[in-house]
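Colleague: Please give me a close look at a single part of this model, starting from one residue and following its contacts outward. I work at the bench, so plain words are welcome.

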Amino acid sequence: MTGEKWKKLFIVLLACNILVISFMLILINWPIKGEEISNKSSKEEDIQFQVHTTRDDLNQLINQYLDKEGLTGGFHYEVYLTDEVELYGKMPFFNREVDLKLTFKPIAQENGDLVLKQESISVGEMNLPVSYVMNFINKRYKTPDWVTIQPKEQRVYVSLQEMKLKSDVRVKAKKFDLEHNDISFLLTVPSVQP
C-alpha cells in the first residue's frame, strides 16, 4: 500500500470516529421523552398521613408523655385506655390519700379534637359530686396546656391541634372507638416553602 492510500484510510477512520462521537454527544444531550416531573404539589400542599393505632400502643405513649413532661409530679396520676378513658390518681382527704378513679367516653370532634365526657367517678368509698372532684383535679393536677378540664360540663376537652410537636406536625383525631380498638389520627406535616 502506498502512503497516499494509508493517508486516505486514516482520514476516513478519523471521520468515522468524529461522527460516532458527535452522534453519542447528541444522544446524551437529547431530552428524555415522557412526562415532566412536577414538584409543585409537594411544595405548596401540606403532607398528610393517616395513622392507625391500638389502645395498648396509645397507653404506652400517653403515660410515657406524662412522665417525660413531668406532668405526674405533685399528685401522681395515670391514664389508661380500656373500653373508655380511665384516670387513676390519689386525692388528699383529712391527712391521708384516697384512691381516685374517673372514667370518660371519648368523642372525636369534626375539627380533630377530642372531648372526654365523664362517665363514672369513685373516690375511695365516698360519694362526692362530680364537679367537686373535677374542680379538685383541675386545681391540683398538672395537665398539658392543650387539655382543659371543664367541671361544670363534666368533661375534658383535648385540643389536639394545639399540642406542640416537633417540626410543627399537627394531629387530628379521625376515629376514637376504644370499644372496638379502632383508633386513627391524621398527622399533617407542613410543607417546606422554597
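Modeller: Happy to! Helices (H or I, at least four residues) and strands (E, at least two) are DSSP runs, numbered from the N terminus. What you see is a predicted model, in which local features need pLDDT of at least 70 and side-chain atom pairs count only at pLDDT 80 or more, while totals for chains, interfaces and linings use all residues. Residues are numbered from 1 along each chain as its sequence is written, and side-chain values use heavy atoms, with hydrogens and water left out.

Let's begin at Thr53, which belongs to strand E1, a run covering residues 47-53. With a relative accessible area of 17%, Thr53 is buried (under 20% is buried, over 50% exposed, and in between partly exposed, with a 1.4 Å probe and protein chains only). Setting aside residues up to four places away in sequence, Thr53 touches Leu58, Asn181, Ile183 and Phe185, where contact means heavy atoms within 4.5 Å. Leu58 is part of helix H3, which covers residues 55-68. Ile183 and Phe185 sit in strand E9, residues 182-189. Asn181, in turn, is in the loop between strand E8 (170-177) and strand E9.

Asn181 deserves a pause. Its phi is positive, at about 55°, although Asn181 is not a glycine. With a relative accessible area of 31%, Asn181 is partly exposed, whereas its contact partner Thr53 is buried.

Across from Thr53 we can pick up Phe176, which is found in strand E8. The two residues are 123 positions apart along the chain, yet 9.9 Å separates the C-alpha atoms of Phe176 and Thr53. Phe176 is buried, with a relative accessible area of 11%. Beyond its neighbours up to four places away in sequence, Phe176 touches Leu58, Leu81, Pro106, Ala108, Leu114, Asp182, Ile183 and Phe185. Put the two lists side by side, and Leu58, Ile183 and Phe185 appear in both. Asp182, another partner of Phe176, lies at the start of strand E9 (182-189).

Two of these partners lead us onward. Leu81 touches Phe176, and residue 81 is the end of strand E2, which spans residues 77-81. Leu114 also touches Phe176, and residue 114 is the start of strand E5, which spans residues 114-123.

Along strand E2 we meet Tyr80. With a relative accessibility of 32%, Tyr80 counts as partly exposed. Apart from neighbours within four places in sequence, its contacts are Asn59, Asn63, Val85, Glu86 and Tyr88. Of these, Asn59 and Asn63 are in helix H3 (55-68). The C-alpha atoms of Tyr80 and Ile62 are 8.2 Å apart, with their positions 18 residues apart along the chain.

Along strand E5 we come to its other end, Val123. Val123 counts as buried because its relative accessibility is 2%. Its contacts, not counting residues up to four places away in sequence, are Met91, Val98, Asp99, Leu100, Leu128 and Val133. Phe93 is 30 residues away from Val123 along the chain, and the C-alpha atoms of the pair are separated by 9.9 Å.

Leu100 lets us take one more step, since Leu100 touches Val123 and is also in contact with Ile137. Leaving out neighbours within four places in sequence, Ile137 is in contact with Leu87, Leu102 and Ile149 as well. In the largest nonpolar core (a set of buried Ala, Val, Leu, Ile, Met, Phe, Trp, Tyr and Cys residues joined through side-chain atoms within 4.5 Å), Ile137 and Leu160 touch the most other members, out of 34 residues. Helix H4, residues 130-140, gives the most to this core, with five residues.

Ile149 belongs to strand E6 (147-150), and after that strand comes a loop leading to strand E7 (155-158). Gln154 is in that loop, and like Asn181 it is a residue other than glycine with a positive phi, near 55° for Gln154. Gln154 is partly exposed, at a relative accessible area of 32%.

Finally, here is the setting for our walk. The protein chain has four helices and nine strands, running α-α-β-α-β-β-β-β-α-β-β-β-β from the N terminus on. Of its 194 residues, 29% are buried. Among contacts with a separation of 6 or more, 46% join residues 24 or more positions apart.
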